[in-house]
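Ready for a few warm-up exercises? Take a look at the structure first, then work through the tasks one step at a time.

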Amino acid sequence: MRTSQFPLSTLKETPTEAEIISHQLMLRAGMIRRLASGLYTWTPLGLRVLRKVERVVRDEMDGIGALELLMPAVQPAELWQESGRWQKYGPELLRVKDRHHREFCVGPTHEEVITDYTRRELKSYRQLPLCYYQVQTKFRDEIRPRFGVMRAREFIMKDAYSFHADVASLKATYQAMFDAYSRIFTRLGLKFRAVEADTGSIGGNGSHEFHVLADSGEDAIAYATQGDYAANVEMAPTFPAGTPRPAATALMTRVATPHAKTIDEVAAQLNLPAHRVLKTLLVRGRAVPAVAVVLRGDHELNDIKAAKHPLIADPFEFVAPAEAIALTGANVGSIGPVGLSIPVIADYAAADCANFACGANEDGWHLVGVNWERDVPLPETADLRNAVEGDPAPNGMGTLAIVRGIEVGHVFQLGSTYSAAMKCEFLDEQGKPATAIMGCYGIGVSRIVAAAIEQNHDTNGIVWPVPLAPFELAIVPINGHRAPAVQAEAERLEAVFTGLGYSVLLEDRGLRPGVAFADMELIGIPLRIVVSERGLAAGEYETRLRWERENHAVAAADLLAWVQGKLSG
């Protein structure tokens, strides 16, 4: 491909609306162009990368026996009402009406459609297991689309669904899909982790997320410093200390804390570290108006863990400020467990504290020197917080470390969440009706492109892993328009490497070398070959790998082997 025939629409300046690196570089490299909020056109350059992701995904899906189909993007409301998600899914579901005033939605996912399709086709256990997948455009009406294609309203997704006669069969397919996902991200040249995760709005039992590791990632991942344990921070369990609580050495005292509302402000006024100041939060209860949860000041409440506690309401919700005052006599920030008349649950770490400070249930006052059992009954204890760096690893091997990740894939063991609601049944070996058991497996195809850039970039632009690069080779002749021999050699190399199956971009716009080099670096081509009169005279070419800062002089006789060695590794 020649640059004179391929639209390279690069930008020198970073567009003001681009907040993160991938959005900035995708716009600057000319991979996408904004149509409206959360809607992007993929240019020929961007589409080349997108198609590379799709090819690897399809190859691995086909390799485990998944069957590709294509379902409608527009789905009838009746299916979503049947599953119970028409209202539950919320405002992200784009609802529309046709000319006959029938209700539809633009599909954000396809559990309902695939279940409807399968219940019409499935008759006998002999047809199971079944596994279908598609690569298709989805739409979720995000309240605030941002970060380019990372959180767009319209996006491309590979979604797969499996149907089984029993749990053992589901688990086998789940493992096959898990392994296929691991191969996909490995083949794409990405650093990733598979982590235990919450099933969220999809529902079901077992779940793993696949995260591309990047400092800009929205998700925190906890992993063991030894062994292979990894989980989303919201899923990583924490444990009691396992050692006796320190002895009480201070008397409980009431201390004025004027204008102190945050943990940091209270800790500063009391001259205590944040971990010795306990915070008490009021949340909705299942059978009572409110439950008080107590945590260390340096820890964060995990609402997913909290909502699973039998005393706490699901969905999780904080008590309104006015109600908190009515229940405790104080505003949030001055509430404490001493003397409370509502149920109290202490996080394990909070229950291990001694001689701590807490709210006095009166605005502007705190208690110091407080101890469980002596000053306040020790309440029920539970795991209520996010794990932090240095916590004991759940696998019993070392401690937890925290990294940032971008979720690009998610696999679920759905069970019968949708098949039972929609009566997707088959006749079992005894000829009796049985409900199919389902699995669900998604990959954000367009999100992978952005995540790869977040992980692979420098100050000059994108640094594509070879499997994702829109072109593997860039050939840049120096003054080719004035040096026929240079231009002819550049064209010969283009033909040779194209014939060997490499994707090649030949620079023939007549630009100054520095401008041409900058474009090739911005769009992230892994290997650049420079053809010049000086090099031809010396029988060599100047080459550079995108992830290196030094040029290499490669003899003409060695060029082919050198390129093959660099691009195959």
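A cavity is a set of points on a 1 Å grid over the protein atoms alone where a 1.4 Å probe fits but cannot get out, and lining residues have an atom within 4 Å of a point. Its volume is the space filled by probe spheres set on the points, with grid points joined across faces, edges and corners. This is a predicted model, where local features need pLDDT of at least 70 and side-chain atom pairs count only at pLDDT 80 or more, while totals for chains, interfaces and linings use all residues. Residues are numbered from 1 along each chain as its sequence is written, and side-chain values use heavy atoms, with hydrogens and water left out.

**Exercise 1. Find the largest cavity and describe its lining.**

Step 1: count. There is one cavity of 30 Å³ or more.

Step 2: size it up. The largest cavity has a volume of about 60 Å³.

Step 3: list the walls. The lining is made up of Met 520, Glu 521, Ile 525, Arg 528, Arg 544, Leu 545 and Arg 546. Helix α14 and strand β29 each give at least two residues to this lining; helices (H or I, at least four residues) and strands (E, at least two) are DSSP runs, numbered from the N terminus.

Step 4: sort them. You get three nonpolar residues, no polar ones and four charged ones. Here Ala, Val, Leu, Ile, Met, Phe, Trp, Tyr, Cys and Pro count as nonpolar, Asp, Glu, Lys and Arg as charged, and the others, Gly among them, as polar.

**Exercise 2. Follow Arg 544 from its salt bridge to a network.**

Step 1: know the term. A salt bridge puts a side-chain nitrogen of Lys or Arg within 4 Å of a carboxyl oxygen of Asp or Glu. The structure has 35 of them.

Step 2: find the partner. Arg 544 pairs up with Glu 521, with the closest N and O atoms 3.5 Å apart. That ties together distant parts of the chain, since Arg 544 sits in β29 (residues 540–545) and Glu 521 in α14 (residues 513–522), 23 residues apart.

Step 3: widen the view. Through shared partners, salt bridges join Asp 458, Glu 521, Arg 544, Arg 546 and Arg 549 into one network.

**Exercise 3. Is each partner in the Arg 492 and Glu 489 pair buried or partly exposed?**

Step 1: locate the pair. Both lie in helix α13 (residues 484–499), three residues apart, about one turn of the helix. Their side chains meet in a salt bridge at 2.8 Å, N to O.

Step 2: apply the cut-offs. Buried means under 20% relative accessible area, exposed over 50%, and partly exposed in between (1.4 Å probe, protein chains only). Arg 492 is partly exposed because its relative accessible area is 43%. Glu 489 is at 13%, so Glu 489 counts as buried.

Technical notes:
On a 1 Å grid over the protein atoms alone, a cavity is a set of points where a 1.4 Å probe fits but cannot get out, and a pocket is an open set with protein on both sides within 12 Å along at least five of seven lines; lining residues have an atom within 4 Å of a point.
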